[in-house]
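Welcome! Here are a few exercises to work through at your own pace, each with a solution that goes step by step.

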Amino acid sequence: VLAFIYNGFKVNDSQFEVATMTQLSSLTWDSYKDANMELFWDYWTTRAAHAADVFTEKQMKSMLHTELKRSHVLKPEMIVYRNLAEDKQTYLALSLIISSAIKERKLDKQTDLEQKQIDNQKILGPKADKRKRARN
């Protein structure tokens with residue numbers, strides 16, 4: 001009986017491939033936008049890792065390019081990418097564009113946080129002597 005139940009939940013390879021293709025194909029930039037770039041990239045890389053045997057690198061590049069060109073933040077990098085020689089326009093190059101942008105955002109956030117902490121610290125001077133205040 002347990003074996004029957006176990007086999008009922010078992011997923012075969014072709015079902016897994018179809019699910020992976022569907023999930024990766026339906027992942028759109030418009031659902032995440034620039035504000036959630038890191039979340040988009042996290043979901044993309046997870047699904048792309050499973051799709052490596054399903055899609056060719058050219059297909060992956062095409063799908064990722066279609067999504068990244070919708071970004072307002074990545075526009076300058078995407079213009080540079082578009083002007084690269086065709087053999088340099090690779091999936092890896094697109095991956096580096098978005099991962100570099102995410103790293104830069106993290107550094108900017110960390111710098112802003114550190115600056116706010118510095119700005120919020122109260123600078124205390126030497127304590128006034130109570131006796132001097134009493135004399136004045």
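**Exercise 1.** Decide whether Arg70 is buried, partly exposed or exposed in this predicted model.

*Solution.* Start with the value: the relative accessibility of Arg70 is 36%. Next, recall that buried means under 20% and exposed over 50%. Arg70 therefore counts as partly exposed.

**Exercise 2.** Find the salt bridges that link Asp30, Glu67 and Arg70 in a network.

*Solution.* Begin with Asp30 and Arg70, whose closest N and O atoms are 3.9 Å apart in a salt bridge. Asp30 sits in the loop between α2 and α3, and Arg70 in the loop between α4 and α5, so this pair ties together parts 40 residues apart in sequence. Then turn to Glu67, which forms a salt bridge with Arg70 at 3.0 Å, N to O. Finally, compare surroundings: Asp30 is partly exposed at 45% relative accessibility, whereas Glu67, at 8%, is buried.

**Exercise 3.** Work out which salt bridge links helix α6 with helix α3.

*Solution.* Look at how the helices meet: the axes of α3 (residues 37–51) and α6 (residues 91–120) come within 10 Å and cross at roughly 145°. The crossing is left-handed. Now go through the residues in contact, among them Glu38 and Trp41 in α3 and Ile98 and Lys106 in α6. By class, this contact has nine nonpolar, two polar and three charged residues. Side chains of opposite charge can pair when their charged atoms come close. Here, Lys106 and Glu38 form a salt bridge (3.2 Å, N to O), and they are 68 residues apart.

How values were computed
Residues are numbered from 1 along each chain as its sequence is written. This is a predicted model: local features need pLDDT of at least 70, side-chain atom pairs count only at pLDDT 80 or more; totals for chains, interfaces and linings use all residues. Side-chain values use heavy atoms; hydrogens and water are left out. Axes are lines fitted to C-alpha atoms, for helices over the stretch in contact, and angles run from 0 to 180 degrees between N-to-C directions. Helices (H or I, at least four residues) and strands (E, at least two) are DSSP runs, numbered from the N terminus. A crossing is left-handed if the near helix is turned anticlockwise from the far one by less than a right angle, and right-handed if clockwise. Contact means heavy atoms within 4.5 Å. Ala, Val, Leu, Ile, Met, Phe, Trp, Tyr, Cys and Pro count as nonpolar, Asp, Glu, Lys and Arg as charged, and the others, Gly among them, as polar. A salt bridge is a side-chain nitrogen of Lys or Arg within 4 Å of a carboxyl oxygen of Asp or Glu. Buried means under 20% relative accessible area, exposed over 50%, partly exposed in between (1.4 Å probe, protein chains only).
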